[in-house]
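Got the viewer open? Let's take a walk through this one, a selection at a time.

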Amino acid sequence: MASAPVDTVTHAPDGHKLRNKYHTFRFSRYEFCVDSRYVNLRPIGKGAYGLVCSAEDKVTGRKVAIKRVGNVFQDLIDAKRILR
């Protein structure tokens, strides 16, 4: 389920300002806020740290993977492990 593209300055779930067009998708308990250049998001895998979706990049025409990690900075050791 996707929302309509946003064309104004909005705030991401973490509070950062977003200046481009973004779509929000919800899969399971994860919310993806991605640039509107990424379309056709589909969940392809789920693990201990989050969910991975495939998408098409409208600018390059390539398939990409987008990983959504929940609470990445809740535990310092996990954060270092995830962001390597």
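## First stop: a charged pair

Select glutamate 31 and arginine 26: these two form a salt bridge, and their closest N and O atoms are 3.2 Å apart. Side chains of opposite charge can pair when their charged atoms come close. Now turn on the surface. Glutamate 31 is partly exposed, at 27% relative accessibility, and arginine 26 is partly exposed too, at 46%.

How many salt bridges does the count come to? The count comes to two, so there is another one to visit later on.

## Step back for the whole view

Before going on, zoom out. What you have on screen is a predicted model. The average pLDDT of the protein is 76, and 75% of the residues score at least 70. Colour by confidence and look at residues 4-8, where the pLDDT is below 50. Beyond near neighbours in sequence, that stretch has ten contacts in the model.

Switch to cartoon view and you'll find one helix and seven strands. Follow the chain along its sequence and the pattern reads β-β-β-β-β-β-β-α. The protein has 84 residues, and 27% of them count as buried. Its accessible surface comes to about 6,300 Å², with 50% of that belonging to carbon and sulfur atoms. If you display contacts with a separation of 6 or more, 12% of them are between residues 24 or more positions apart.

## The other salt bridge

Next, select aspartate 57 and arginine 37. Their side chains meet in a salt bridge, at 2.7 Å from N to O. This pair links distant parts of the chain: aspartate 57 sits in strand 6, arginine 37 in the loop between strand 4 (30-35) and strand 5, and they are 20 residues apart.

Which partner is buried, and which is partly exposed? Aspartate 57 is the buried one, because its relative accessible area is 5%, which falls under the 20% cut-off. Arginine 37 is partly exposed at 28%.

## Into the core

Hide the surface and select Phe25, Phe27, Tyr30, Phe32, Val34, Leu41, Leu51, Cys53, Ala55 and Ile66. Together these ten residues make up the largest nonpolar core. Colour them by strand: strand 3 (22-27), strand 4 and strand 6 each supply at least two residues of this core. In soluble globular proteins, nonpolar side chains tend to be buried together.

## Along a hairpin

Keep strand 6 in view and add strand 5. The two run antiparallel and are joined by six bridges. A hairpin of three residues connects strand 5 to strand 6. For a pair facing each other here, pick glycine 45, which stands opposite valine 52 in strand 6.

Now click on glycine 47, in the loop between strand 5 (38-46) and strand 6 (50-57). Is glycine 47 buried or partly exposed? With a relative accessible area of 44%, glycine 47 is partly exposed. Try the distance tool from its C-alpha atom to that of valine 69: the two are separated by 9.5 Å, with their positions 22 residues apart along the chain.

## Last stop: serine 54

Finish back in strand 6, where serine 54 is found. Serine 54 counts as buried, at 17% relative accessibility. Which residues does serine 54 touch, not counting those up to four places away in sequence? Show its surroundings and you'll see Asn40, Leu41, Arg42, Ile44 and Val64. One of them, Leu41, is a residue you have already met in the largest nonpolar core.

How values were computed. Residues numbered from 1 in each chain as written. Predicted model: local features only at pLDDT ≥ 70, side-chain atom pairs only at ≥ 80, totals over all residues. Heavy atoms only, no water. pLDDT = per-residue confidence, 0-100. Contact = heavy atoms within 4.5 Å. Helix = DSSP H or I, 4+ residues; strand = E, 2+ residues; numbered from the N terminus. Buried < 20%, exposed > 50% of the residue type's maximum accessible area, 1.4 Å probe, protein only. Areas by Shrake-Rupley, 256 points an atom, 1.4 Å probe, with all protein chains shown as cover. Salt bridge = Lys/Arg side-chain N within 4 Å of Asp/Glu carboxyl O. Core = buried A, V, L, I, M, F, W, Y, C linked by side-chain atoms within 4.5 Å. Pairing = 2+ DSSP bridges.
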